[in-house]
Amino acid sequence: MSALALVKDPNYNQESYTDTIETPLGPIPRHFDEFWTSKQRQMNSLHYANSYRGCYKPELPEYFISRFTNEGDVVADPFGGRGTTILQAALMNRIGFSNDINPLSEILAYPKVNPVTIEEIAKRLERIDLSKDVDFSKEEDMSMFYHKDTYKELLNLRNYLKKHRDDVDRFIEITAISRLHGHSNGFFSTYSFPQFSVPKSSQEKINRTRGLEPEYRDVKSRILKKAKVSLKSGGIEALRKIGKLHKFTTCDSRNLKGWKDESVDLVVTSPPFLNQVDYVTDNWIENWFCGIPQSTVEDGIVQTPDLHIWTDFISNTLSELHRVLKKDGLLAMEVGEVKYQGSILNLDEILVSLTCSKKYNMKEFRVKEIFVQSQQFTKLANCFRVKNNEMGTNTHRIVLMEKI
């Protein structure tokens, strides 16, 4: 493997070092450093078209894609989320395979690798009638989030998108999703959190505390404004060309239907960290807008406080990834450290143990090394009172494995 090329933020002074995890199969080096910048929004603007809980920065997949693949290679993510890995793959002229158990993932990821022009979006918005009468008695009560007239426009847009699914419509859809809730006038809702959907009762409390009543927010103008920001990096034609080769599936990571044997060069992914993020509750407004039943997500996502259940789930996922990876293919799996039964548990060490156990994944993968990305938290983490290296998941721990 080539030597590490470290990207150092001049404002970050943590000393870099390497320790070793001793295993029955030999020592594994674990590198601590800042391998990519902690600065925000440094990559292609499409990466920031949507917020999504539990996602990693695009610099993470870029780091591994640039070092371990060539143009035209296949880069895959079985826990696709908002599509960070496959978008970065497309930007680097690699073919992306993306999967997620939640249908929301394809809705968010597909338009980013099949973008359209702002002119196409503007023309399409002009044609869509958002003024049709709506029978609110048959709809979800969202009065704590939206003014009645804003809500009518949203319902008309949602009904239109059920029947219209070309690439322009789909880009309008993800842009509308990005505006569903947030803390500024650029969102459709009154003051709320942009990163996750708060429960109705919590929004009502926010409204009472701040003395708020939802005001009218024009839907079309906000979609157009956000779309311009998302598309400002350009390169639309090149993205669309490679994006047409991308594969999207919606299934369990333990059974990647439609992924052929030995078809993938590199996997860059991040599974759920036990139950550290509630992917069902945190995306309930997005799922509602897209018509995704909550039961569909609840029944599929494995988010559990039980380490044994999580370990079995990850082990079975690893076996499926072994099937789809080419000979000597690589897997970069990002995990973290979590609080478990009163102490801190480093999930990278759990992954290593799986590859050394006859019961689990011995003879499927060989761990080459581990990268621990430590960096100062941004204002979002500080809002949740997460202190560096003191509580919660504070580092990215990427276990790099080679298929045996």
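**Close-up views of a predicted model**

**View A. Buried residues of helix α2: T84, T85, I86, L87, Q88, A89 and A90.** These panels show a predicted model, and this one starts with a helix that is mostly covered, α2, which spans residues 84–91. Of the eight residues in α2, seven are buried. The buried set includes I86 and L87, and T84, T85 and Q88 belong to it as well. If you follow the chain just past the end of α2, you come to N93, whose phi is positive at about 65 degrees.

**View B. Helices α5 and α6 meet and cross.** Two packed helices are described by the angle between their axes and the distance between the axes. Here the partners are α5, made of residues 148–163, and α6, made of residues 167–178. Their axes come within 10 Å, with a crossing angle of roughly 145 degrees. The crossing of α5 past α6 is left-handed. On the α5 side, the residues to look for are L157, Y160 and L161; on the α6 side, they are D169, I172, E173 and A176. Sorted by character, the residues of this contact are five nonpolar and two charged, with no polar ones.

**View C. S178 in helix α6.** Staying with α6, we now turn to S178, which belongs to this helix. Is S178 buried or exposed? S178 counts as buried because its relative accessible area is 10%, and the cut-off for buried is under 20%. Its side chain makes a polar contact of 3.2 Å with the side chain of R179. Beyond its neighbours within four places in sequence, S178 is in contact with A49, N50, F187 and K226.

**View D. An aromatic cluster that includes Y146 and Y151.** The model holds 19 aromatic pairs. One of them joins Y146 and Y151, whose rings are stacked, with 6.1 Å from centre to centre and 10 degrees between their planes. Both Y146 and Y151 are buried. Which residues make up the cluster around W284 and W288? Together with those two tryptophans, the cluster contains F136, F145, Y146, Y151 and F289.

**View E. F313 in helix α12.** F313 is a residue of α12, and its relative accessibility of 5% explains why it counts as buried. Setting aside residues up to four places away in sequence, F313 touches F79, D252, S253, R254, P272 and V302. One of these partners, V302, is eleven residues from F313 in sequence, and the C-alpha atoms of the two lie 7.7 Å apart.

**View F. S315, also placed in helix α12.** Helix α12 runs over residues 307–324, and S315 has its place there. At 5% relative accessibility, S315 counts as buried. The side chains of S315 and N361 are joined by a polar contact of 3.0 Å. With neighbours within four places in sequence left out, the contacts of S315 are L354, Y360 and N361. N361 is thus listed among the contacts of S315 and is also its partner in the polar contact.

**View G. E337 in strand β8 and its polar contact with R397.** Strand β8 covers residues 337–340, and E337 is part of it. How is this glutamate, E337, classed at a relative accessible area of 6%? With that value, E337 is buried. The side chains of E337 and R397 make a polar contact of 3.5 Å. Along the chain, E349 is twelve residues from E337, and their C-alpha atoms are separated by 9.5 Å.

**View H. Two loop residues with positive phi, L274 and K363.** Neither L274 nor K363 is a glycine. L274 has a phi near 55 degrees and sits in the loop between β6 (264–269) and α10 (284–289). For K363, phi is about 75 degrees, and its loop lies between α13 (347–355) and β10 (365–374). Which of these loop residues is buried, and which is exposed? L274 counts as buried because its relative accessibility is 3%. K363 counts as exposed because its relative accessibility is 67%, and the cut-off for exposed is over 50%.

Methods: Residues numbered from 1 in each chain as written. Predicted model: local features only at pLDDT ≥ 70, side-chain atom pairs only at ≥ 80, totals over all residues. Heavy atoms only, no water. Axes fitted to C-alpha atoms, helices over the stretch in contact; angles between N-to-C directions. Helix = DSSP H or I, 4+ residues; strand = E, 2+ residues; numbered from the N terminus. Left-handed = near helix turned anticlockwise from the far one by under 90°. Contact = heavy atoms within 4.5 Å. Nonpolar A, V, L, I, M, F, W, Y, C, P; charged D, E, K, R; others polar. Buried < 20%, exposed > 50% of the residue type's maximum accessible area, 1.4 Å probe, protein only. Polar contact = N/O pair within 3.5 Å; in protein donor to acceptor, adjacent residues only side chain to side chain. Phe/Tyr/Trp six-rings, centres within 6.5 Å; stacked < 30°, edge-to-face > 60°.
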